[in-house]
Amino acid sequence: MAATGTEAKDLENHHNSDCLVQLSNPNIATMKEDVLYHFNLSTSTHDFPAMFGDVKFVCVGGSSSRMSAFIKYVAAELGLDHPGKEYPNICAGTDRYAMYKAGPVLSVSHGMGIPSIGIMLHELIKMLYHARCSNITIIRIGTSGGIGLEPGSVVITQQAVDECFKPEFEQIVLGKRVTRNTSLDAQLVQELMQCSSDLNEFPTVVGNTMCTLDFYEGQGRLDGALCSYTEKDKQAYLRAAHAAGVRNIEMESSVFATMCSACGLKAAVVCVTLLDRLQGDQINTPHNVLVEYQQRPQRLVGHFIKKRLGRA
Amino acid sequence: MASILPASNRTMRPDKNPYERERSVYVRNPHLDAMDEGILYHLDLGTKTHNLPAMFGDFVCVGGSSNRMKAFALFMHKELGLEGDGDDIEDICAGTDRYCMFKTGPVLSLSHGMGIPSISIMLHELIKLLHHARCCDVTIIRIGTSGGIGIAPGSVVITDTAVDSFFKPRFEQVILDNVVTRSTELDKELATDLFNCSREIPNFLTLIGHTMCTYDFYEGRLDGALCCFSREKKLDYLKRAYKAGVRNIEMESTVFAAMCGLCGLRAAVVCVTLLDRLESDQINLSHDVLVEYQQRPQLLISNFIKKQLGLCDQMS
């Protein structure tokens with residue numbers, strides 16, 4: 001029995017060290033100071049381990065007001081809230097991103113598009129590394145266009161795919177094209193799907209998510225300032241995407257998947273669809289319905305975190 | 001001889017050339033006019049909910065940071081000698097936190113976030129807005145920060161051509177599942193006019209050059225979370241960029257140049273450099289110096305707009 005106890009403890013230690021946030025950059029450890037410019041944080045002016053060492057869950061989303069609402073929601077769900085409690089923006093010195101923290105949960109905004117979330121992820125991952133965080137789960141929550149789904153459906157992404165439906169992300173590094181894989185953590189996907197079944201509040205599917213660099217032409221919309229194709233062309237493209245397993249379209253998932261897996265972070269993408277792109281291009285839903293839809297990923301992820309912490 | 005105008009007068013343009021056709025802002029989308037309503041989703045505006053022609057005018061300035069664009073709008077309010085202290089300048093897009101928009105007389109100021117996708121969403125909706133408002137002769141200028149190559153920090157670069165990571169003057173757009181290539185030349189006359197304006201400002205180092213636009217801020221730097229190359233390879237790349245005419249690096253200029261060119265907007269990019277990438281990767285300026293550098297593009301644009309409006313005697 002004593003031997004078994006020791007074995008379990010060793011296993012736990014091994015597990016912890018395995019899941020320390022790591023960088024794929026040998027230069028950082030040799031730097032005297034690391035300035036996270038777009039967060040307005042620096043290793044020489046902030047005590048990262050003290051500020052962030054206990055973080056276990058990171059949730060990211062485009063809109064700063066939505067991520068502020070999320071941290072308040074999850075704080076209440078975890079019983080960390082009390083009357084008058086405020087969650088200040090840790091990155092208040094800049095308007096590039098916003099960051100909020102409640103207990104083990106960190107909520108960060110990332111703006112729109114691959115470059116904007118890419119910058120945020122570089123700095124976030126370095127921050128978690130400097131803080132010596134371990135066993136991090138990171139989830140992107142957001143909105144998307146659906147394909148063949150009722151508006152308000154939640155999609156848990158199994159693979160992020162590009163505009164040609166391939167599960168890869170191409171980055172230009174020093175003038176050379178580098179292609180990286182964009183699969184998300186399969187176990188985490190299943191766990192989130194189970195949480196949604198438990199909640200039984202809104203339709204949820206697992207599928208591929210197409211990540212585009214452009215909202216209008218890149219997603220086959222007819223209502224941009226530029227458009228050189230027809231409704232028929234657009235429908236053909238969207239149906240081909242659906243046949244390839246794509247269930248929603250957004251603008252950040254591919255770089256999110258690839259950067260998180262490169263740095264040892266278990267990652268998921270949970271987006272609600274605001275419309276069915278097979279039926280139209282513009283979001284015409286009443287405001288109050290939109291607000292309810294936008295809260296669905298928060299409710300799912302909030303439940304997931306509660307469940308995780310309840311077992312701990 | 002009397003009929004020949006001095007060269008310096010040409011840049012003032014107090015009188016519009018009567019033979020020059022007015023340049024309308026046009027969308028390149030046959031579907032738009034057939035639509036009953038145009039919702040500009042990320043700007044929280046629409047053709048049914050707002051009287052767009054009554055709202056908008058001649059100069060548009062765009063930049064990444066919402067705080068900076070609000071500061072620019074306040075600055076222009078003062079520089080144009082408009083009534084009041086500007087405290088009542090309100091964000092026209094207050095209903096969303098995606099972008100912000102301020103109007104001070106003929107000047108519209110908007111934020112666009114960071115990167116090609118974020119500015120392109122804003123540009124689609126801005127161009128539709130200017131089209132719905134029936135604006136003509138619009139000049140649009142992106143003001144921002146950048147990394148310099150082989151030039152002093154604090155230098156202002158007026159872009160003649162935006163280039164991609166391969167130093168090519170093009171923007172590749174994926175449309176459905178095809179790649180379409182667009183030109184990224186900016187308005188030459190406008191760049192020259194801006195450069196001429198800059199020469200009148202003391203202690204203001206300015207040059208015209210190429211600007212490289214990338215999709216990633218970090219991979220090309222040594223201080224990102226991911227980095228699989230050496231310092232030597234990075235320097236070799238930057239030196240090749242310099243040799244190809246690149247003087248600064250930022251993250252929006254190619255799509256900005258391509259979209260504005262296609263839609264009849266006279267466009268310019270004016271960015272200050274915060275560091276020389278041949279020397280370092282991290283921005284380590286003191287706060288005061290950083291603020292002063294960031295204001296340099298605004299100062300140039302203010303002088304340019306005042307000249308265009310014939311307000312030369314009010315220049316400080």
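So, to kick off: where is the place of Asn135(A)? It's in the loop of chain A that runs between α4 (114–130) and β6 (137–146). Before I go on, keep in mind that what we're looking at is a predicted model.

Okay, why bring up Asn135(A)? Well, Asn135(A) isn't a glycine, and yet its phi is positive, at about 55 degrees. Its relative accessibility is 25%, so we call Asn135(A) partly exposed.

Over in chain B there's another residue to show you. Leu176(B) isn't a glycine either, and here phi is positive too, at about 50 degrees. You'll find Leu176(B) in a loop as well, the one between β8 (170–175) and β9 (178–183) of chain B. Is Leu176(B) buried or exposed? With a relative accessibility of 9%, and the cut-off for buried being under 20%, Leu176(B) counts as buried.

Let's stay in chain B and turn to a helix, α5(B), residues 188–198. Right at the start of α5(B), have a look at Asp187(B): one of its side-chain oxygens comes to within 3.2 Å of the backbone nitrogen of Glu189(B).

Now, which residues of α5(B) are buried? They are Leu190(B), Ala191(B), Asp193(B), Leu194(B), Cys197(B) and Ser198(B). If you look down the axis of α5(B), those buried residues sit within an arc of 160 degrees, so they line one face of the helix. And what's covering them? The cover includes four strands of chain B, namely β6 (139–148), β7 (156–163), β10 (206–213) and β12 (266–276), along with helix α8.

That helix α8(B), residues 287–308, deserves a moment. α5(B) and α8(B) pack with their axes 9 Å apart, at an angle of about 105 degrees. That makes the two helices roughly perpendicular. On the α5(B) side, the contact is made by Leu190(B), Asp193(B), Leu194(B), Cys197(B) and Ser198(B). Facing them from α8(B) are Leu300(B), Ile301(B), Asn303(B), Phe304(B) and Lys307(B). Sort the residues of this contact by type and you get 6 nonpolar, 2 polar and 2 charged.

Last stop: strand β7 of chain B, one of the strands covering α5(B). Thr161(B) sits in β7, and Thr161(B) is buried, with a relative accessible area of 9%. What does Thr161(B) touch, leaving aside residues up to four places away in sequence? The answer is Pro169(B), Thr184(B), Glu185(B), Lys188(B), Gly209(B), His210(B) and Thr211(B).

That's my tour, thanks, everyone.

Notes
Residues are numbered from 1 along each chain as its sequence is written. Chains are lettered from A and ligands numbered from 1 in the order in which they are written. This is a predicted model: local features need pLDDT of at least 70, side-chain atom pairs count only at pLDDT 80 or more; totals for chains, interfaces and linings use all residues. Side-chain values use heavy atoms; hydrogens and water are left out. Axes are lines fitted to C-alpha atoms, for helices over the stretch in contact, and angles run from 0 to 180 degrees between N-to-C directions. Angles under 35 degrees count as roughly parallel, over 145 as roughly antiparallel, 65 to 115 as roughly perpendicular and the rest as oblique. Contact means heavy atoms within 4.5 Å. Ala, Val, Leu, Ile, Met, Phe, Trp, Tyr, Cys and Pro count as nonpolar, Asp, Glu, Lys and Arg as charged, and the others, Gly among them, as polar. Buried means under 20% relative accessible area, exposed over 50%, partly exposed in between (1.4 Å probe, protein chains only). The arc is that of the directions from the helix axis to the C-beta atoms. A polar contact is a pair of N or O atoms within 3.5 Å; within protein, one must be able to donate a hydrogen and the other to accept it, and residues adjacent in sequence count only if both atoms are side-chain atoms.
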